Amino acid sequence: MRTKILAWGLAAGLSLSGLSGSYADDVPTTLELAVLHSRGLQRIALPIAKGDRTYQQLWDQKFAAIFAYCDIDGNGTLNPAEAARLPAAAALREATYSGFAPVIKSAPKWEDLGGTEGGSITREQLAAYYRSHDVGQPIIGIGIAPFTNDLTAALLARLDADQDGKVSRDEWSKAEAVLDQLDQNDDQMIGAGELVAGVFYPGTSASFLLQVASDDRPPLAEAMHDFPVSRLPQQPGDIAWTHRLKSQASFPKQLHDTASVTAWRDASPDQIWNVQLVVDNQTQAIVVEGVGEKEQTTELPYVKLGDTWLTVRSDPGQMVERLEGLLTSSREQFADSDEDQDGVLSQAEWSASGKGFGSAMVAMMDRDGNQQLTKAELEGWLTLQEEIASGLVMVTIVDCGSGVLELLDTDRNGALSRRELRNAVARLEEAGCVQGDTVDLERLPRQLLFTISIGPPDSVLGKIQRRGPDWFLSMDRNQDGDVSEAEFVGGAEAFQSLDVNGDKLITFDEIENLKVD
């Protein structure tokens, strides 16, 4: 089944400037991931494109814009003085998070660019340098939800009506009743903080960076050692990525040497998630196609890999807002600093304490090097930032663990709605946890939540795409896609007339063809 997600456009705290290493021959043309699960290893390819242009080609366009901006004399090459204006690789990596390339670090060294005494460098050399320093690849942030076990214990304690230390199938069938007991803020949902005081879900900002493994790079933090996803290198014979995963019991024993890993990599991917960017001057969107099945109630695509379930969602991201903030603040700062209102900032004006631009930023924007900054120079730099920021993709992966809340929470918003609690038994049966009247929670699947966004996501949690007329959407105060009796404001008789199946929840399907006079 082909499933499509459309989202219009934070993994807070993710710092990208600390990336290191040089891998000129290891530039993936397609992002590929290896996901470890109980039955082995799944290889997932994520080709990213905008129309008919690949992500690599989109970055070629960005490199061309950077080159043209620094090519002051317009002769098609960069001399040492022009190359000294190039943004640091760290600045371009940071752009995925910041929404622009900040003026940080030093410009690339002339010799590192391939320049020689008295020579010049080409656009191809510039692109090769940046790509060798991890510029031009999607950023992947990962994290582990820390409260899974606590939330499961709290929910089970509420469901265990007879206090015998276990929750039977019959007790699970009455799960909806605990909503009224726990819903402290009257939003018709049970949030993580209502189960365990002070808990914010998922409790991680996915601030660890998942890079291609290499002997030249430090390993993942110890806390992330068992994270079941690895980023694959471009070269099939590079097996450094297997070292961490091999320590886990389910790693395939047949992948024991370079030859076997290479053969596995040479085969077609197990899955291909096509990521399409839709970017214009007003909006940015992501469409993801090819992801397994979808949840009937939420339309979120998911893939079952043995004991590991992958849910995939897209997110508007914060790129548009962050870039707009840069454009607005820079123009306001220019206007505030231009004391004589002549459209040019003198050195005294741009260096004014607490008011003007810093010398490093002016050096980047002052293309004629006269220590003055014109409005046209400012706009030229801002135009470059718009090009750099456009269509930068980030993938955020949260390991939500094997918890009850994680299984029941089909819309992945970190809370349980009335419908999700009502469907508890069906969900447990789907996971293979129900055997007669016994519920075996040892069979709960591990839940991985993938969020694909343009720039940092607004949230690592899900949010359903709600449908319906204005009155329906406004009454659906908790935005779970249903209008409950408590949310409905039209009276009991009107509610019953709209609740066609009598389940005490009004759905869009029930009112889709409703004619309103």
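# A tour from strand 2 outwards

Begin by selecting strand 2, both of whose faces are covered: L31, L33, V35 and H37 on one side, and E32, A34 and L36 on the other, are all buried. The model on screen is a predicted one, and the stops below should be read with that in mind. In a regular strand the side chains alternate between the two faces of the sheet, and colouring the two sets of residues separately lets you follow that pattern here. Seven of the seven residues of strand 2 are buried, so this strand is largely enclosed by the rest of the structure.

**The sheet around strand 2**

Extend the selection to the sheet that contains strand 2, an open sheet of four strands in the order 9-2-3-10, with mixed pairing. Its edges are strand 9 (229–231) and strand 10 (271–272), each of which pairs on one side only. With the sheet displayed, add helix 10 (residues 258–266), which packs on the sheet and touches both strand 2 and strand 3 (40–46), its direction making about 45° with that of strand 3.

Now go back to strand 2 and look at its two partners in turn. Towards strand 3 the pairing is antiparallel, with seven bridges joining the two strands, and the connection between strand 2 and strand 3 is a hairpin that passes through two residues. To see one position of this pairing, select L31, which stands opposite L46 in strand 3. Towards strand 9, strand 2 (residues 31–37) again pairs in the antiparallel sense, here over three bridges. Two positions can be picked out on that side: A34 stands opposite S230 in strand 9, and V35 stands opposite V229 in the strand 9 segment.

**Helix 1 and helix 4**

Leave the sheet and select helix 1 (residues 55–70) together with helix 4 (residues 123–132), whose axes come within 10 Å and cross at roughly 120°. That angle makes helix 1 oblique to helix 4, and the crossing of helix 1 and helix 4 is right-handed. To display the contact, show the side chains of Q56, W59, D60, F63, A64, I66 and F67 from helix 1, and of R123, L126, A127, Y130 and R131 from helix 4. Coloured by class, the residues of this contact divide into eight nonpolar, one polar and three charged.

**Helix 1 and helix 14**

Keep helix 1 selected, hide helix 4, and bring in helix 14 (residues 375–389), which packs against helix 1 at an angle of about 165° with the axes 9 Å apart. That makes helix 1 roughly antiparallel to helix 14, and helix 1 passes helix 14 in a left-handed crossing. On the helix 1 side the contact is made by Q61, K62, A65, I66 and Y69, and on the helix 14 side by E377, G380, W381, L384, E387, I388 and A389. By class, the contact of helix 1 with helix 14 has seven nonpolar, two polar and three charged residues. I66 deserves a pause, since I66 is listed both in the contact with helix 4 and in the contact with helix 14.

**Y69**

Within helix 1, centre the view on Y69. Is Y69 buried or exposed? At 7% relative accessibility, under the 20% limit, Y69 counts as buried. Setting aside residues up to four places away in sequence, Y69 touches R85, M364, M365, R367, E377, G380, W381 and L384; E377, G380, W381 and L384 are also among the helix 14 residues of the contact described above. Of these neighbours, R85 lies 16 residues from Y69 along the chain, and the C-alpha atoms of Y69 and R85 are separated by 9.1 Å.

**T507**

Move next to T507, in the loop between strand 24 (505–506) and helix 20 (508–511). At 17% relative accessibility, T507 counts as buried. Not counting residues up to four places away in sequence, T507 touches R419, F472, G481 and D482. For a long distance across the model, draw a line from T507 to V135, which is 372 residues away in sequence and 46 Å away in space, C-alpha to C-alpha.

**The whole chain**

Finally, zoom out until the full chain is in view, with its 20 helices and 24 strands. The C-alpha atoms fill a box of roughly 85 × 65 × 40 Å, taken along the principal axes, and buried residues make up 51% of the 517 residues in the chain.

Technical notes:
Residues are numbered from 1 along each chain as its sequence is written. This is a predicted model: local features need pLDDT of at least 70, side-chain atom pairs count only at pLDDT 80 or more; totals for chains, interfaces and linings use all residues. Side-chain values use heavy atoms; hydrogens and water are left out. Two strands pair if DSSP finds at least two bridges between them. Contact means heavy atoms within 4.5 Å. Axes are lines fitted to C-alpha atoms, for helices over the stretch in contact, and angles run from 0 to 180 degrees between N-to-C directions. Angles under 35 degrees count as roughly parallel, over 145 as roughly antiparallel, 65 to 115 as roughly perpendicular and the rest as oblique. A crossing is left-handed if the near helix is turned anticlockwise from the far one by less than a right angle, and right-handed if clockwise. Ala, Val, Leu, Ile, Met, Phe, Trp, Tyr, Cys and Pro count as nonpolar, Asp, Glu, Lys and Arg as charged, and the others, Gly among them, as polar. Buried means under 20% relative accessible area, exposed over 50%, partly exposed in between (1.4 Å probe, protein chains only).
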